[in-house]
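Here are my notebook entries from a first look around. Come along and check each stop against the picture.

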Amino acid sequence: MITLVILALVGLFLMIAGLFDISRKAVFGVAMTGMVAALAGNLYMWDKVPMAYFNRMILIDNYDVAFITAVLGVSMFLFLLSENYFGKIQNYLTEHYALYMFSLVGMIAMISFNNLVMLFIGIEILSVSLYILAGSEKNNLSSNEASLKYFLMGAFATGILLMGITLIYGASGSFYLSGIEQYFTSGNELSPIAYIGMFLVLVGMSFKVSVAPFHFWTPDVYDGSPTFVTAFMSTVVKIAGFAAFFKLFYICFSSVIHYWVEVVSVLVILTVTIGAMTAITQKSVKRLLAYSSVSHAGYMLMVVLVGADADNLMFYVVAYSISSIVAFSVLMLVQEAAGNAEITSFEGLAKVNPLLGFAMTVSMLSLAGIPLTAGFMAKVYILTSVFNAGHGIVVLVAILTAMVGIYYYFKVIIAIYFKTATEERKLFTYNSSSLFKIVLFIGIIAIIVLGICPDIIHNLI
Amino acid sequence: MMTLIVLFLPFVAALLLSLVKGESVKKIALGFALAELVLALMVLNQYMIDPKALSFTCFWITSLGAHLNIDVSGISMLLVLLTAVLIPLIILSTFKHDYKNPAAFYALILAMSGALIGVFVANDLLLFYVFWEAALIPIYFIAALWGGENRIKVTFKFFLYTVIGSLFMLIGVMYLYLQTNVPHPITFEPHHSFDFDHLVALNLSFQEQCWLFWAFFIAFAIKMPIFPFHTWQPDTYTEAPAAGTMLLSGIMLKMGIFGVLHWLMPIMNEGFYANAKIVITLAIIGVVYASILAIMQKDMKRLIAYSSIAHVGLIAAGLFAVNEQSLQGAVIQMFAHGVNVVGLFFIIDIIESRTGTRDIASLGGIINKAPKLGVLFVIIMLGAVALPLTNGFPGEFLLLNGIFQYNAVLAAVAGLTIILGAVYMLKMYQNVMLGEVNALTEKFTDLTMTEFAVLVPIAAIVIITGIYPQYFLDLTQGDVDHLLKLVNTNIVTIK
Amino acid sequence: MDSVIKIIPLNAYIILSAVIFCIGIVGVLTRRNAIIIFMSVELMLNAVNLLLAAFSSYSGDANGQVFVFFIMAVAAAEVAVGLAIIVMMYRNTGSVDIDLLNKLKN
C-alpha cells in the first residue's frame, strides 16, 4: 500500500512540478527515486503476514510482493535505458513521467487486488494512462491511430469484463475474491449466469493481455506507438495483466476448472500458433516483436491453464521482459539512426557497434528459447508443468511453434552478423551514453545468468 | 573434481581469449588446448586407477531436481580423450590462416570444445540437453562468420534442422523427467529427477518406449547424420571453414553416436530393440548411397563429407545390431574416424590454400612437389579405407562381424562400403597426388613445420592404433558389457 | 420496499441489460464513426450499471450500487481521455471515420 501511495504522490508531484522549469535530469532523478522508494516499501512487505487495506480491497501477500517487485524492477530497467527517448520529448516531459507513475499505480492495484472492483479500477487507471501515452507523438498519424485503436478496443474489453464481473456478483453476491471462491466451491448448483460471467471475464482479460483470438489490436497498437511505449506495454503491462489473470482464476475459479480448461487450452494453442505464423512474414522488427509478444502471452497463459505453479509464471515474465527490453532498447537506437525499424536497418550492426549487436543477439536467442538463456529455462519450467498436468497436445504445439519462432528470430541475428551494412549505414552514430551501455551489459549478463542458474528468481514464491 | 576442471577450463579459456588482442591469440589458444589435453590424460590415468573418483555431483536447479552431475564412463572417457587430442591439432591447423577477428574465432572453438566435453560427461539429462544445444551456437557462428560464399543459407539450414531435432528430443526429456518419482535428497519428498540412474530404473511401457525412442532418435539421427536426415551435411561441411568442418566431423557427430549409446540404449531398450531393424536398414542404405555419391564428387571436401556419412552409417548400423563385436567396433571406429577425418580435411585445407581450388580434376602430381604430404596423405587415406594395420581396420572388421551376426545380407551390403570406399579414396588420391604436375600445382611447396606437426601425430595414431587397438578395447570393454547387459536383460524379462 | 422492487422479476432486468449490452457490442463492431463507436461502448457500460443496480437491490447488498458509482466515475474519466484522442485524430485527419485508419496495415 505504501508502494501505491509513494508512486501516486510522485506522479502528482511531477505534474505540479511541470509548472516550474525543472531540468530533465531532476525529473528523471525524482522519478527513479520514487520508484526505488516504492520498491523498498514493497520489499518491506515480503514474508510478513498478509496485510489488507482499504476495507480488504487490497491484500498484499508474497505473490503480490514478488510480482510488484518484478513490475517495478523491470520498469526501472526500462527507464534506465530510455534517456534517448525522453531526451527527445520537448513538451510536457513531467506529464509523461507522471503518466508512467500513474500506470504503475494502476498495475499495483491490479496485482494486489482482493476485490473485483479494485481489479477494475487498477485496469482502468493503467489503461487510460496508456491510451494517452500511446498517442503521445501527436504529429505522427500512426501514433494517433494506435492510440484511437487501443482506446476503442480497451474500452470495449473493459465493458465485457465489467459485464462478467456483474454477472459473477449477481450469482455469488460478493465482489470479494473470498466470497466468490466460497460460492464456487460451495457445491451447490451454480446459476448459469455465473458461468457466463466467468467466460466474459475470461474474454475481457484475454483482450487486455492480447491472447488470440482477441489479440488483433496488438500489432497495430504496438507498431504505431512510440517504441518506448511499446516496450513498456509489451513487458510491464503483461506482467501485471497475467499476475491479475492468474490470481483471479487460481483463487476463484479453480474449483470449476473442468469448465474452462478446454477453452483455455484452445486459446493457448491458437495464441502460440497465430503469434508464430504471423511473425514469419514481418519485415519490421517492431511488428515482429509485437507478434512475438502475442506468442509469449500464449506461454504465460499456459500457467493459468495448469492452475498452479505461480513461480513458473513469475520466472517467465521476468525472463521475457528482460529479453524484450534489451531488444527494444537496441531497436530504439537503431530506429533513431536509421529512421525505420525494418530488419534491414540491423544489417551489419555487429561491425559498427558490437555491443548492440551482441545484446540484440542474446535477446533474440532468449526469446527463441535457445539453451543457456533465460528464455529456455522459462520454457522448460512451463512446458514441464503443462506436460505434468496432462496437456500433451499443448506441449506438442508449443514445441512446433518454437521451431517456427527460431526462424524469424534468426532473421534478425543473420542481419546483424552476416549481412554487410551499406555505406550510408556505416556512418550511423548510435548515441548511447555510458549509463546505457552499462545497464545494457547488465541486462545481457542477467539473461545468461538466469539461463544457467534460474533458481535465483524461481524459488521465491 | 578433476572432471569439473576438464569441463570448465575451455569455457574459462574462451572468456579470457575473447579479451586478448593481437597476434598472440593463436599461441594462447594452443596453450589452453594443450593444457586441456594434459588434464584429460590425467583424468585417463585416474580412470584406470579408480573410476569412481571421477564423478561429481552438486545442486544446480533444485526446483527442477536437476543436478550438475558429471561422470566418466568408458565410452565417454574415450570421447573426452578424442576431443582433448583433436582440439590442439585443430587449433594448430588454423595457424597458417589469418582469420579476421581471431580472438572471437579461437574463443568460439574453445567454447565449443567445452560444450562437447559437457555432452560427453553429463550424467543428468537436462545438463546433457543444455550442453547438446549449447554446442550448436559456437559452430553456427564459426561456420557462418568465417565460411565460404554460400554460408548464410547453408548454416541457417543446418542450425534449424538440428534445433528441430533437439526440440523433439526436449519433449522426450520432459516426459522422462515427469515419469520419475524419487525422494528428494534433502527433504525426502517425492520429486522428479533428471538423474541418469533414476531414468534407467524407470519402468516404461512398450508404447511409451517406442515414441520416446523416435523423439530422441530424430535428434541423434540428424546429428550423425543418418539417411534420410543427412541433407544438411554436405553443404555445411563444404561451406564451413576448415576448422569448423574438422570440429563438425571429428567430434560433433560423435555426439549423436554417444547419445544413442549412453542415453537411448539403456533407457529405451525395448523401443531400441523393436526399431533396430528400420534404423539399420536406413543406415545401410545411407552407407551405399553416400558411397556412390562420393565417387561422383568433383570437390574434395564434399567427397570426404559424403564418405563421412558412409562411415557413420556403418557405425550406426553396428550400434543397433547390439552385440559385443558391433558395439566395440562402433566405439573404436568412432575414435578412428574422428582422427582420420580431421587429418583428411586438414590435407584438403593445405591443398586448397596452396592451389586455390578443391577440384579433383584440375589438380595432379602434387606428390612430386611435396613428398612428405604425399606420404602422410596416403597413410591417413588408407586409414579411412580401413586397410589392415591402420586404425580403420579393427573398427570396420568388428562392425561388419557384428552386423553379420545380426543379418548376413545386410552385412554383405554394408561390406560394399569397403570396396566403394577404396574406389573413391584411391581415385581421389590418384588424381590429386599422382599423375603429372600441371600449372596449378607447379608451385606447390611442401609441408611447413606447423602442418607437419599436425599431420604426423595423426598419422602416428592411425598406425599405432591400427597395430595395437587393444588399449582402447580394454578401456571401453566394461562399458560395452554393461550396456549389453542392460539391453539384453530387459529383453529377456519380456520374453 | 422489497416487495415493490421484486414485482418485476430479476430475469427481466438481466434480459434487458443483456439486450442493451448486445446492442452496444454490435455498435462497436459495425459502426464506422469513432464517436458512435464510443457511444456504443458507453451503452455497454450503462447496461452493466443497470444490471448491477438490479442485482444490488434484489439481494439487498449495497456493494453493487457503490460499484455503480465507481464505474460512472471511471467512465467519465475515460470519456474525457477518449474524446481528447478523437479530437486529436480529427485535427490531424479532418474526419472521425475509422476506416481511414489504415496506415498501420501491413
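**Entry 1: a pocket**

I sorted the lining of the second largest pocket and got 15 nonpolar, eight polar and five charged residues. I counted Ala, Val, Leu, Ile, Met, Phe, Trp, Tyr, Cys and Pro as nonpolar, Asp, Glu, Lys and Arg as charged, and the others, Gly among them, as polar. A pocket here is an open set of points on a 1 Å grid over the protein atoms alone, where a 1.4 Å probe fits, with protein on both sides within 12 Å along at least five of seven lines; lining residues have an atom within 4 Å of a point.

This is a predicted model, where local features need pLDDT of at least 70 and side-chain atom pairs pLDDT 80 or more, while totals for chains, interfaces and linings use all residues. Residues are numbered from 1 along each chain, chains are lettered from A in the order written, and side-chain values use heavy atoms without hydrogens or water.

Which helix gives the most to this lining? I found helix 4 of chain C, with seven residues.

**Entry 2: a covered strand**

I looked at strand 2 (residues 66–70) of chain B, a DSSP run of E with at least two residues, and five of its five residues are buried, meaning under 20% relative accessible area with a 1.4 Å probe, protein chains only. Ala66(B), Leu68(B) and Ile70(B) cover one side, His67(B) and Asn69(B) the other.

**Entry 3: cysteines**

I searched for disulfides (cysteine sulfur pairs within 2.5 Å) and found zero over all chains. The sulfur of Cys58(B) is 9.1 Å from the closest cysteine sulfur, in Cys453(A), so a bond is out of reach.

Technical notes: Helices (H or I, at least four residues) and strands (E, at least two) are DSSP runs, numbered from the N terminus. Buried means under 20% relative accessible area, exposed over 50%, partly exposed in between (1.4 Å probe, protein chains only).
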